[in-house]
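User: Please take a close look at the internal cavity of this protein and at the helices around it. A connected account would be appreciated.

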Amino acid sequence: MSKANKSEKVSPDLDTPTDLPQAAVDKISASLNVLLADAFALYMKTKNFHWHVSGRHFRDYHLMLDEQAEAIFGTTDQLAERVRKLGGVTLRSIGQIAKLQTIQDNNEAYVPPREMLRELMEDNKHMAAAMRKAHKLADDHEDTGTAQLLELFVDETERRTWFLFEASRQESANAA
C-alpha cells in the first residue's frame, strides 16, 4: 500500500490511547506519513520555483507560489499531529522524508515559468489523488477525524491546481 514502516513500535512514553484497532492505526499512519513526506517535498519544490521564477509574470507567479507554499506547509503539522492523535509514529528526519516521498524533486538550473506551473499543477493533482486514497482508507476504518481533515486538504489542493492551470494557459487560448 505505502512505503511507510508498518507497526513501528511506539515508545510507551508516546503511546496515545485510541479506540481504533492497531492494524487500522498502522495503515492510516503509514498513509498519512507518505502524504506528509509529499507535503514537505511539494513545499520545497514550490519554494524553489518561487525563488527561481523569472520573466514578465514574475511578480504574479512569485506571489502566487509563495502563497501556495505557505498553504502546503500549513498542512504538515496537522498531518503529523493526526498521526500522533491516532497513536501512530510520524516522520523524524529529512532522510525519512526522502525515503517516503512520491513527489519528485526538481534540481534543474533553470525551468521556464510555464513549465514550473505545469509541473506544480501535476504534483498537486497527484497529491489530491493520494489524499482521496487515504480518505478511503480512513473511511474503511471509520476514522472520521482523518477523513474530515483530508476533505479540507483535497479542496485546498484542488484550488491550487486550478490556479496553476489558469496561470499556465497559453495566451488567448481556452486550452492548456
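**Helix packing and the enclosed cavity**

Analyst: In this predicted model, the axes of α4 and α5 approach within 8 Å and cross at roughly 160°. Because angles over 145 degrees count as roughly antiparallel, α4 is roughly antiparallel to α5. The crossing of these two helices is left-handed. Sorted by class, the contact of α4 with α5 comprises 15 nonpolar, 6 polar and 8 charged residues.

Both helices also contribute to the cavity. The count comes to 1 cavity of 30 Å³ or more, and the largest cavity holds about 30 Å³ of space. Its lining consists of Ala39, Ile72, Thr75, Met127, Met131, Phe153, Glu156, Thr157 and Arg160. At least two of these lining residues are supplied by each of α2 (58–86), α4 (113–140) and α5 (144–168). The largest share, 4 residues, comes from α5. By class, the lining of the largest cavity has 5 nonpolar, 2 polar and 2 charged residues; Glu156 and Arg160 are among the residues that line the cavity, and Glu and Arg count as charged.

The remaining helix named above, α2, can be described along its length. α2 has 29 residues and spans 43 Å from its first C-alpha to its last, close to the 42 Å expected at 1.5 Å a residue. Just after α2, glycine 87 adopts a positive phi of about 95°.

In summary, α2, α4 and α5 each supply at least two residues of the cavity lining, and α4 and α5 cross with left-handed geometry.

Methods:
Residues numbered from 1 in each chain as written. Predicted model: local features only at pLDDT ≥ 70, side-chain atom pairs only at ≥ 80, totals over all residues. Heavy atoms only, no water. 1 Å grid on protein atoms, 1.4 Å probe; cavity = no way out; pocket = protein on both sides within 12 Å on 5 of 7 lines; lining within 4 Å. Points joined across faces, edges and corners; volume = space filled by probe spheres on them. Expected span 1.5 Å × (residues − 1). Axes fitted to C-alpha atoms, helices over the stretch in contact; angles between N-to-C directions. Parallel < 35°, antiparallel > 145°, perpendicular 65-115°, else oblique. Left-handed = near helix turned anticlockwise from the far one by under 90°.
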